[in-house]
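Hi,

Here is the structure I promised to pass on. Have a look at it first, and then read on for what turned up in it.

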Amino acid sequence: MCLIFSLSACVGNNKTVDEFLGVAIDGNPIYGSYASDFSSPITSADLDASHGRFKNGRYRYHITDDYPYTTGCFKGKAVSKVYFFTIM
């Protein structure tokens with residue numbers, strides 16, 4: 001099962017704060033490991049069992065430099081239909 005609809009080709013290669021990387025199949029956004037409300041990169045210890053957290057009342061996943069790196073399970077319910085499209 002594909003966990004991510006789209007993911008930046010440069011994941012982990014820069015230190016962009018609050019970098020949006022893609023959307024998990026449950027509809028929650030995935031962000032990089034640098035967040036504006038943390039003074040250092042987010043680690044797995046900062047996240048819940050789904051490898052995410054709430055920020056401003058909204059749930060988001062994060063990638064990290066330590067295991068398990070990205071989500072292994074979902075906080076929300078997976079969508080039943082997936083549509084792929086290309087923006088030109």
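One term before anything else: a residue is called buried when its relative accessible area is under 20%, exposed when it is over 50%, and partly exposed in between, using a 1.4 Å probe and protein chains only. By that yardstick Ser33 is buried, since its relative accessible area is 9%.

Some housekeeping. This is a predicted model, so local features need pLDDT of at least 70 and side-chain atom pairs count only at pLDDT 80 or more, while totals for chains, interfaces and linings use all residues. Residues are numbered from 1 along each chain as its sequence is written, and side-chain values use heavy atoms, with hydrogens and water left out.

Now the overall layout. The protein chain has zero helices and four strands, so read from the N terminus the order is simply β-β-β-β. (Helices, H or I with at least four residues, and strands, E with at least two, are DSSP runs numbered from the N terminus.) Of its 88 residues, 33% count as buried. Contact here means heavy atoms within 4.5 Å. Taking the contacts with a separation of 6 or more, 34% are between residues 24 or more positions apart.On to the sheet. Strands of a sheet pair through backbone hydrogen bonds, either parallel or antiparallel. The four strands here make an open sheet in the order E1-E2-E4-E3, with mixed pairing; two strands pair if DSSP finds at least two bridges between them. E1 (20-23) and E3 (52-55) are at the edges with a single partner strand each, so one side of each has no neighbour in the sheet. From one strand to the next, the twist averages 40° (axes are lines fitted to C-alpha atoms, for helices over the stretch in contact, and angles run from 0 to 180 degrees between N-to-C directions).

Here is how the pairs go:

- E1 and E2 are antiparallel, over three bridges, and Gly22 stands opposite Ile30 in E2. The two strands form a hairpin with five residues between them, and Gly27 in the turn has a positive phi of about 95°.
- E2 (residues 29-31) and E4 (residues 58-62) are parallel, over two bridges. Ile30 has Tyr61 as its bridge partner in E4.
- E3 and E4 are antiparallel, over four bridges, with Gly52 opposite Tyr61 in E4. Their hairpin has two residues between the strands, and Asn56 takes a positive phi near 55° there.

E4 is worth a look on your screen. Four of its five residues are buried, so the strand is largely enclosed by the rest of the structure.

Which aromatic residues form one cluster? Phe54, Tyr59 and Tyr61 do. Rings of Phe, Tyr and Trp (its six-membered ring) pair if their centres lie within 6.5 Å; planes under 30 degrees apart count as stacked, over 60 as edge-to-face and the rest as tilted. The whole structure has four aromatic pairs. One of them is Phe54 with Tyr59, edge-to-face at 5.1 Å centre to centre and 70° between the planes. Tyr59 and Tyr61 have ring centres 5.3 Å apart and planes at 90°, so that pair is edge-to-face too. As for burial, Phe54 is exposed at 53% relative accessibility, whereas Tyr59 is buried at 7% and Tyr61 is buried at 0%.

There is also a charge over a ring, which needs NZ of Lys or CZ of Arg within 6 Å of the ring centre and within 35 degrees of the ring normal. Arg60 lies over the face of Tyr31, 3.7 Å from the ring centre.

Is Lys55 buried or exposed? This residue of strand E3 is buried, with a relative accessible area of 13%. Its side chain makes a polar contact with the side chain of Ser36 at 2.9 Å. (A polar contact is a pair of N or O atoms within 3.5 Å; within protein, one must be able to donate a hydrogen and the other to accept it, and residues adjacent in sequence count only if both atoms are side-chain atoms.) Neighbours within four places in sequence aside, Lys55 is in contact with Asp18, Ser36, Asp37 and Arg60.

Back to Ser33, to finish. It sits in the loop between E2 and E3. With neighbours within four places in sequence left aside, Ser33 is in contact with Pro41, Ile42, Ile63 and Thr64.

Cheers
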